[in-house]
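Work through the three exercises below with the model open. Each task is followed by its solution in steps.

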Amino acid sequence: MYDYLRNISVCWSTFHVLVIFVFLYRSRFTPKKTVILTCIFMFPLVLLNTIISIFYGSKGISQAMLFSLTIPSLIFFWVLSADRGFRFLFTFCIVDTFSYWIILITSLLDHYIGNTGILMLAVRLVAFPLVEYFVWKYIRKPYIDIQESVAHGWSIFFMAGAIYYLLLIVSGSWPVLVYDRPQELPSFILILILMPITYLSIFLSLYNQLSVFKMKENEQNYKNQQATLQMQLENQNNIRRLNHDIKAYINTLSALLSEEKYDEAKQHISQITNITSTRQNFCSNPYINALLCHFYDRFKQKDMKLDISVLLLDNSALPHTDICLILSNALENSLEAASATDDRQTTVKLRQKGKYLLIRILNSCDNSLVIMQGHIPQTTKQEPGHGYGMQTIFQTAEKLNGSAVCSAENGIFTLDVCLKIL
């Protein structure tokens, strides 16, 4: 009976370890494809460990788990992961360590209470779904934000997590299970207590880094908004000056026509046409047009090409402040990225389709840059003040009940933004 209950609990625990990890790591594939690939690969692995547990018992599975489950699943998820560095290794390590921590505690409790397997299975049946719920509701979103935002410190955190994981395996299973070494049980219990405290310290450190990042990001957003508002103010001043000039042109034209000086009137109209034709007019929304004109001039000053195509049907309902914030950050990034290439060009397209505004920005970039669609690129700059532009774009799109995706391949960076504007 004990062996039967133990085998069920092993299958149950292994399955939920996979679920918890899938919640926390960032796959480079779609959720559907990720789930299918995970099932195809991990089901035989779970079956293998169940067979080991059936034939070799708790001692056998504890000693074999590192090679029969941990290392193969590490390689598999490494292939699937969007992160190939220490942040992936830390995520893998913390899920395995914490899950193994639950397995060890339930095994110890069951052993010292009666070794029937009932308590072990009952606690695991409840504990793992509760952990999944807690991870999904409270941990997943901030942890994904931490992975996207925090660039440094992951190697140290991973080494701490890996040592704890190996420490749990060695102290709990080698050379025999810990409850066959009663003299070492107090030190093992202290290790079990110390493990969650250490991970809590690591998470607090990561969360503090995220808070600093968010603070700097908000500061950068305020600067961008200030720059956008300044451009809007300049645009309003230009409109006022243009209105004033037009009145003067009309007065002059009226005077020439009243005096029947038709040749002079035609010449005056030609001069007015030449003056107004030099002003760029990409769209009828004055705020978006002012921003596009601003970047058009900046691209032109650097001898770079900026193609702009705008089709807006209803300008009155546009949330121009947020749209300008997105365009400003995107074009700032495009200006910098394209200037370092031979092609040196950027294309901007705005299309309104029903309730939605579609924005597509394509620019030349480094040929070595590869970004899988659905992931936010990380800045490679170490100086403060960088790395917030793409975060701002994605957050602003989400604020407007929309979405943003970007990708880079073969020297072309593509940003697509969909905003709900009505």
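**Exercise 1.** Locate S284 between its flanking helices, and decide whether S284 is buried or exposed.

Solution. In this predicted model, start with the helices. α7 covers 262–277 and α8 covers 286–301. S284 sits in the loop between them. Next, take the relative accessible area of S284, which is 56%. The cut-off for exposed is over 50%. S284 is therefore exposed. Last, check the spacing to L311, 27 residues apart from S284 along the chain. Their C-alpha atoms are separated by 9.5 Å.

**Exercise 2.** Work out how many residues of α10 are buried, and list them.

Solution. Helix α10 spans residues 389–399. Apply the cut-off: buried means under 20% relative accessible area. Of the 11 residues, 8 pass, and the helix is mostly covered. The buried ones are G389, M390, Q391, T392, I393, F394, T396 and A397. Now step just past the helix end. There N401 takes a positive phi of about 55 degrees.

**Exercise 3.** Describe the second largest cavity by volume, lining and class.

Solution. Begin with the search of the whole structure: 3 cavities reach 30 Å³ or more. The second largest holds about 80 Å³ of space. Its lining consists of T14, V17, L18, F21, M42, L69, T70, S73, F77, F92, V95 and D96. Assign these to elements. α1 (2–24), α2 (31–80) and α3 (86–113) each give two or more residues. α2 supplies the largest share, 5 residues. Finally, sort by class: 8 are nonpolar, 3 polar and 1 charged.

Conventions: Residues numbered from 1 in each chain as written. Predicted model: local features only at pLDDT ≥ 70, side-chain atom pairs only at ≥ 80, totals over all residues. Heavy atoms only, no water. 1 Å grid on protein atoms, 1.4 Å probe; cavity = no way out; pocket = protein on both sides within 12 Å on 5 of 7 lines; lining within 4 Å. Points joined across faces, edges and corners; volume = space filled by probe spheres on them. Helix = DSSP H or I, 4+ residues; strand = E, 2+ residues; numbered from the N terminus. Nonpolar A, V, L, I, M, F, W, Y, C, P; charged D, E, K, R; others polar. Buried < 20%, exposed > 50% of the residue type's maximum accessible area, 1.4 Å probe, protein only.
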